[in-house]
Amino acid sequence: MRFSDRTVVVTGAASGIGAAATALFAREGAVVFASDIDVESGKKLAEETEGDVRFVRCDVCDPAAIEALMDRAAEETGGIDTLLNNAGAGGARESIEEIGPDAWDRTMDLLLRSVAMGIRYAVPHMKGRPSTKKGGASIVNISSVAAVGPGYSPTTYAVAKAGVLHLTKCAATDLAQHGIRVNAVQPGFINTNIFTASLDIPDELKTQAKAMIAQMSSNAQPVARGGEPIDIAEAVAYLASDAAGFVTGTSLIVDGGITLGPRHSWDPEEGGAFEALIALEEQVKQAQQTA
Ligand SMILES: NC(=O)c1ccc[n+]([C@@H]2O[C@H](COP(=O)([O-])OP(=O)(O)OC[C@H]3O[C@@H](n4cnc5c(N)ncnc54)[C@H](O)[C@@H]3O)[C@@H](O)[C@H]2O)c1
């Protein structure tokens, strides 16, 4: 029960990583304010999840709605101990050659400004909580392996998620004086609706597409299975807990090792450039012996 007597606010709680984190926090004693734009799924989550889960509709693109969410959590419970800035979607798909300013701004508002405003409106309710003395007052921001480099997502998403990492560090320094830690998690490919939510295809094809992504990613990373929302929820819970009291301004990559390097660096079956050089040397040696 790491989160007894704690108030936790989660954005984008109705699905995937947010839903898994909500369930974990609630199971371990927190009062969780689970927010989302998806009212139907959010209400269902609150009804069906074990523990004290209260659904609040909140569009993180609307700063006034974020402020109202934080105020409500504080009014009902006396303050906020943990904020998980998680809401997101794939955002604009256009390349940098094609994107227009409105599509750019919409994606940045959803993925980056939302995190800044979440922190902005939660912090007044986090200051002075007993958890600030125990190392347990904590903000966790969901970034992505897309922040490591290109190739994991569309460009605008990747830039926004890199911004989340830098915001995490800056906020950690700004808020240290109040005993509030700020960290990020960078998920790899996790089996959620994010890849298919914006696709205009029937539901059964979406299920197939999700399975395809899980299969492709498990083939491309050292940990040979698809990532699941609980893998990320566990990392979030650690960073939010008192056990991480000495951890701030950092980011935890939870990706099955997909960012470690190309396949030949971890799969002995796959020859890389170094192995090719050794083989060449061996060939030369054999040729010399034969001559
Ligand atoms: N799944 C992955 O592979 C992966 C990888 C890296 C990072 N992430 C990040 O993890 C976070 C959670 O995504 P997920 O994979 O669980 O996806 P998901 O689609 O399962 O869940 C995202 C949730 O955010 C909500 N949401 C979308 N727009 C919103 C808005 N404007 N206001 C409030 N809520 C909104 C959706 O309704 C949904 O419930 C996102 O920030 C995403 O970028 C996911």
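**Close-up views of the ligand site, the largest pocket and the cavities**

**Figure 1. Composition of the shell around the ligand in the predicted model.** The shell residues comprise 15 nonpolar, ten polar and three charged. A total of 28 residues surround the ligand, and Ser 15, Asp 36, Asn 86, Tyr 157 and Thr 192 come nearest.

**Figure 2. Polar contacts of ligand oxygen atoms with Ser 15, Ile 190 and Thr 192.** Ser 15 places a polar side-chain atom 2.6 Å from an oxygen atom of the ligand. At Ile 190, a polar backbone atom is 2.8 Å from a ligand oxygen atom. Thr 192 contributes a polar side-chain atom, which lies 2.6 Å from an oxygen atom of the ligand. The ligand taken alone exposes 830 Å², of which the protein buries 92%.

**Figure 3. The ligand in the largest pocket.** The largest pocket is the site in which the ligand sits. Helix H1 (16-27) and helix H6 (155-175) are the elements that give two or more residues to the shell around the ligand.

**Figure 4. Lining of the largest pocket.** The largest pocket holds about 1,300 Å³ of space. Its lining consists of 46 residues, with Gly 88, Ala 89, Gly 90, Asn 193 and Ile 194 nearest the centre of the pocket. Two or more lining residues come from each of H1, strand S2 (31-36), helix H4 (101-126) and H6. The largest share, three residues, is that of H1. By residue class, the lining of the largest pocket divides into 23 nonpolar, 18 polar and five charged.

**Figure 5. The largest cavity.** Two cavities of 30 Å³ or more are found in a search of the whole structure. The largest cavity has a volume of about 50 Å³. Thr 11, Val 60, Ile 66, Met 70, Asn 85, Asn 86, Ala 87, Ser 114, Val 115 and Gly 118 line this cavity. Helix H3 (63-77) and H4 each supply at least two of the lining residues, and H4 gives the most, with three residues. The lining of the largest cavity contains five nonpolar, five polar and no charged residues.

**Figure 6. The second largest cavity.** About 40 Å³ of space lies in the second largest cavity. The residues lining it are Asn 85, Asn 86, Ala 87, Leu 110, Leu 111, Ser 114, Val 115, Ile 142, Lys 161 and Val 164. H4 and H6 are the elements that give two or more residues to this lining; the largest share, four residues, comes from H4. Six nonpolar residues, three polar and one charged make up the lining of the second largest cavity.

Key
Residues numbered from 1 in each chain as written. Predicted model: local features only at pLDDT ≥ 70, side-chain atom pairs only at ≥ 80, totals over all residues. Heavy atoms only, no water. Near = heavy atom within 4 Å. Polar contact = N/O pair within 3.5 Å; in protein donor to acceptor, adjacent residues only side chain to side chain. Areas by Shrake-Rupley, 256 points an atom, 1.4 Å probe, with all protein chains shown as cover. 1 Å grid on protein atoms, 1.4 Å probe; cavity = no way out; pocket = protein on both sides within 12 Å on 5 of 7 lines; lining within 4 Å. Sits in = over half its atoms within 2 Å of the grid points. Nonpolar A, V, L, I, M, F, W, Y, C, P; charged D, E, K, R; others polar. Points joined across faces, edges and corners; volume = space filled by probe spheres on them.
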